[in-house]
Amino acid sequence: MDTPVPPRAAAPGPRRRDRHGRGMRGPVAPPQVPLSASRAEVFADLVQDSVERLERHWPQLADIDFLVLEVPRLDGPGAGWSDEAVPLGGTIPARDGRRARVVVYRRPVEIRTKARDERAALVHEVVVEQVAELLGLTPETVDPRYGED
């Protein structure tokens with residue numbers, strides 16, 4: 001005669017895998033690898049890389065704040081887009097004890113680029129143009145390689 005086997009008691013805690021041994025086993029990538037970085041974080045890194053590249057020749061950039069915003073804001077009530085293209089970046093001059101700021105708009109840049117290298121090049125162009133505007137210089141003066149492919 002066969003003796004019936006009693007069912008196993010459920011393990012305490014949440015069930016991580018289904019009864020067939022399939023399911024999530026763990027994170028797809030550890031947090032320190034680039035795969036786990038969000039698009040916004042990767043974009044901010046591109047801006048930071050560009051700024052660090054320029055700071056070697058322009059130490060006064062340490063007095064400028066560099067920001068990344070999703071999209072440009074419409075200023076004031078009733079303001080709308082004109083026939084001009086959506087800006088990729090902008091500047092806010094220093095005033096009232098606030099430091100000057102350079103803003104790069106993430107979504108318009110991402111829409112105009114496909115690959116990471118292309119995006120990095122466009123981000124650098126935008127940063128160079130905005131720094132040149134703040135410093136009252138030409139982009140070619142800020143970065144001699146400006147405009148080169």
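So, a salt bridge here is a side-chain nitrogen of Lys or Arg within 4 Å of a carboxyl oxygen of Asp or Glu. Keep that in mind, because side chains of opposite charge can pair when their charged atoms come close. And one caution before I start: what we have here is a predicted model.

By that rule the count comes to six salt bridges. Arg39, Glu70, Arg106, Arg107 and Glu110 are linked up in a network of them. I'll spend most of my time on Glu110, then move over to helix H3.

Where does Glu110 sit? It lies in helix H2. Is Glu110 buried or exposed? Buried: its relative accessible area is 8%, and the cut-off for buried is under 20%.

Now its partners. One of them is Arg39, and the closest N and O atoms of that salt bridge are 4.0 Å apart. Glu110 is in helix H2, residues 106-112, while Arg39 is in helix H1, residues 39-55, so this pair ties together parts that are 71 residues apart in sequence. Arg39 itself counts as exposed, at 55% relative accessibility. So this bridge has a buried Glu110 and an exposed Arg39.

Another partner is Arg107, where the side chains meet in a salt bridge at 2.9 Å, N to O. Those two side chains are also joined by a polar contact of 2.9 Å. Why are they placed like that along the helix? Glu110 and Arg107 are three residues apart in H2, so about one helical turn separates them. As a reminder, an α-helix has 3.6 residues a turn, so residues three or four places apart point the same way. Arg107 counts as partly exposed, at 27% relative accessibility.

And what does Glu110 touch further along the chain? Skipping residues up to four places away in sequence, Glu110 touches Arg39, Phe43 and Arg119.

Let me show you another salt bridge, Asp143 with Arg53, with the closest N and O atoms 3.6 Å apart. This pair also links distant parts of the chain: Asp143 is in the segment after helix H4 (139-142), Arg53 is in helix H1, and they are 90 residues apart. Asp143 is buried, at 8% relative accessible area, whereas Arg53 is partly exposed, at 31%.

OK, on to helix H3. H3 runs over residues 116-135, which makes 20 residues, and reaches 28 Å from its first C-alpha to its last, close to the 28 Å expected at 1.5 Å a residue. Right after H3 comes Gly136, which has a positive phi, near 70°.

Which H3 residues are buried? Among them are Arg119, Leu122, Val123, His124 and Val126. You'll remember Arg119 as one of the residues that Glu110 touches. The buried residues of H3 pack against H1, H2 and H4, and also against strands S1 (64-69), S2 (89-92) and S3 (100-105).

My pick from that helix is Val123. Val123 lies in H3 and is buried, with a relative accessible area of 0%. What is in contact with Val123, leaving aside neighbours within four places in sequence? The list is Phe43, Leu46, Val47, Ser50 and Val109. Take Val47: in sequence Val123 and Val47 are 76 residues apart, but in space they are 6.3 Å apart, C-alpha to C-alpha. And Phe43 turns up again, since Glu110 touches Phe43 and Val123 is in contact with Phe43 too.

That's my tour, and I'm happy to pull up any of these residues on the screen.

Terms used
Residues are numbered from 1 along each chain as its sequence is written. This is a predicted model: local features need pLDDT of at least 70, side-chain atom pairs count only at pLDDT 80 or more; totals for chains, interfaces and linings use all residues. Side-chain values use heavy atoms; hydrogens and water are left out. Helices (H or I, at least four residues) and strands (E, at least two) are DSSP runs, numbered from the N terminus. Buried means under 20% relative accessible area, exposed over 50%, partly exposed in between (1.4 Å probe, protein chains only). A polar contact is a pair of N or O atoms within 3.5 Å; within protein, one must be able to donate a hydrogen and the other to accept it, and residues adjacent in sequence count only if both atoms are side-chain atoms. Contact means heavy atoms within 4.5 Å. The expected span of a helix is 1.5 Å times one less than its number of residues.
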